[in-house]
Amino acid sequence: MFKLTSTFKPTGDQPQAIEKLSAGIEYGLKNQVLLGVTGSGKTFTMANIIQKLQKPALVISHNKTLAGQLYQEMRDFFPDNAVSYFVSYYDFYQPEAYIPQTDTYIEKEAEINELIDKLRLQATTNILTRNDVIVVASVSCIYNIGSPVEYGKFIAEIKLRDEADWNKISRRLVELLYDRSEFEFKRGSFRIRGNYMDIYPAYEDYGYRLESKNNKISFITKFDPLTGKEIANENHSGKRSASWRRARPESNNDSGVTFAPQNDNQSPVNEIIIYPAKHYLTDPMVFQSAEQQIRTDLKKESDELKSLKKNAEAERLIRRVNYDLEMIKEVGYVNGIENYSRYFDNRKPGDPPYALINYFTQTYNNDFLVFIDESHMTIPQLRGMYNGDFSRKKTLVDFGFRLKAAFDNRPLKFDEFYPSIPHFIYLSATPNEWEIRSAKEELKLKIKKQKLKIDHNGVAEQLVRPTGIIDPKITIRPSKDEVLDLIAEIGRRVKNKEKILVTTLTKKIAEDLTEYLKERKIRASYLHSDIKTLERSDILDNLRKNEFDVLIGVNLLREGLDLPEVSLVAILDADKEGFLRSKTALIQTMGRAARNITGEVIIYADQITRSIKEATEEIERRRAYQIESNRKLGIQPHTIYKPVREKIIEDEQYFLFLDRPKSQYSANFLDEIAREALTPYDCKKTIKKLEREMRKQADDLNFELAIKIREKIRELKTI
């Protein structure tokens, strides 16, 4: 059961929105809109709908920062349920590409964040093993991750009193892409020590220890991989107890999944099920038939290239595919294996790939919800992802780097994603016309066909903030001397221990302005897309923890950020009409000051553009609505300060030596990195980070520091 935990209850416009949207789901509506102003509690409304309907849910956000914040909020609202986080797992990603004009082939280069990878694996495992699941995801959830049926088949089921054949269990774990490692016990690995076997699931924070006696497994316990201490078999914060297990195929449950809770506090564990260490892996039996089809297509496509007098391209394709097939045959995996996914999944050319949504439909059929947060941004992203991917792949195929099957390793098209969802709820303070029209037209048609009598037009509004906070006062000032004027405004807020957000047009301006403010003893930091995924949430938390006063950004300081300490939002160069200064963008940015009773927005512009005019008029309309509501209900506005939540990731290994500002990269800092103080794993990870920093410093023309970093890399590699 979903159990919402909160110290407050729905108020203001929330009760009617919850009732309307829940009724719409029960009436079978596919499309509904929640139009809620900033600070009206849309996330709380969402949580109440999940609890009221008791349905699993997928929440999709358009950026990782907002997804991280939503994940933290949902984790707080549902501490006893399986709340998961599913975003792109790359710290650094350079997709495979070819530039014909310069004959430049760019090999795929990626640095996977193993902790985000753990959370992704945890999400899919939760879906396959539980019915109280909430997954908060970015738009990466529409990318190919392999068939849920195949993923569900690849399991290692281990029970008490099973035969303690470590070799047999080891072979099965290797088939699930686990590594045997006696010295570096990390997620996705196992080790054998006499009559013990330790397994560290790729999706968990704890390991399992199997003990043998008389050639039988006599004991199974959970333990802390760092300390080795045994831990209780608990089930909290979305972490599965080993007692939750996937049903056998003969289950009568339509979803193919049953849930058999045992005593959560029991120790030892009676049975464990280990799921794969990667989302994509191949069945050796399936590979045999797939290999023949791949070789048939290879001959066909290489002959086609030769007929076009592209002999070099044909030879390149033959070498690439033969190498990949040999690697898959020998080790079961190769970088780029997903480009052959159509053969392994038994899909036809053009068939949609298997994405996260298929795990929901496979397990829950049509009995789940999808919330599209900040839909005015998220829906366009979902629509546009396929075309960009296809363009890059076409060049690779045309020049012999990939088979045409690579086209089928792709994100879902919107018209493939949309029909597979039983219920959409679009959340935004500024929903697009498409969402509103879809909701209203569907409802009108349903009322006509089924002769329903329903007090609902497809759009539920939340225009009243429970706190009574009025939309911020807006001031328009000239751009001349905007930075000096901003510094004066910052000084006034800092004296009152309030925080400031500043939006710029480019990353470079954000970084330069941050340094300029720091030189004037103003505590400032910047936030943009180059900041690592998990660090973004930490930066926002640090602002709230009073570690600095001014946060400067480009496009990330808009939708959904919950920062009640912010009393001033400054918008620089607001009259530069465009995407970043559109009506929608301005309203969303202004909303960041709508969580504090002293909130104010300063717009720096030399002319009043159409976007500025429409945005300020809409904010004034909402101000008037809230003021009237406060008068009728006798509400005295007040700021609600929420506690700073736990970090998404609490693993200390994530915060290694190089997780520090650029200004701290120096020869002295490099001297602090001692090889003897690093484990082999940390050494390998540090080298990768140093290599990336070396390239960055060289690009910035800091050649002297780049050389010193190179020397440190050589030192770490040779010792």
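Contact here means heavy atoms within 4.5 Å, and angles run from 0 to 180 degrees between N-to-C directions, with axes as lines fitted to C-alpha atoms, for helices over the stretch in contact. Helices (H or I, at least four residues) and strands (E, at least two) are DSSP runs, numbered from the N terminus.

This is a predicted model, in which local features need pLDDT of at least 70 and side-chain atom pairs count only at pLDDT 80 or more, while totals for chains, interfaces and linings use all residues. Residues are numbered from 1 along each chain as its sequence is written, and side-chain values use heavy atoms, with hydrogens and water left out.

An open sheet of six strands, paired in parallel, follows the order β20-β25-β24-β21-β23-β22; two strands pair if DSSP finds at least two bridges between them. Its edge strands, β20 (473-477) and β22 (524-527), each pair on one side only. From one strand to the next, the twist averages 20 degrees. Four bridges join β22 to β23 (residues 550-553) in the parallel sense, and S525 has L551 of β23 as its bridge partner.

Two helices pack on this sheet, as tabulated.

| Helix | Strands touched | Angle |
|---|---|---|
| α15 (residues 507-519) | β21 (499-503), β22, β23 | about 170 degrees with β22 |
| α17 (residues 583-590) | β20, β21, β24 (566-571), β25 (600-604) | about 155 degrees to β24 |

Elsewhere, α4 (residues 114-129) packs against α10 (residues 356-364) at about 15 degrees, the axes being 9 Å apart. The two helices are therefore roughly parallel, a term for angles under 35 degrees. T124, N126, I127 and L128 of α4 meet L356, Y359, F360, T363 and Y364 of α10.

Methods:
Angles under 35 degrees count as roughly parallel, over 145 as roughly antiparallel, 65 to 115 as roughly perpendicular and the rest as oblique.
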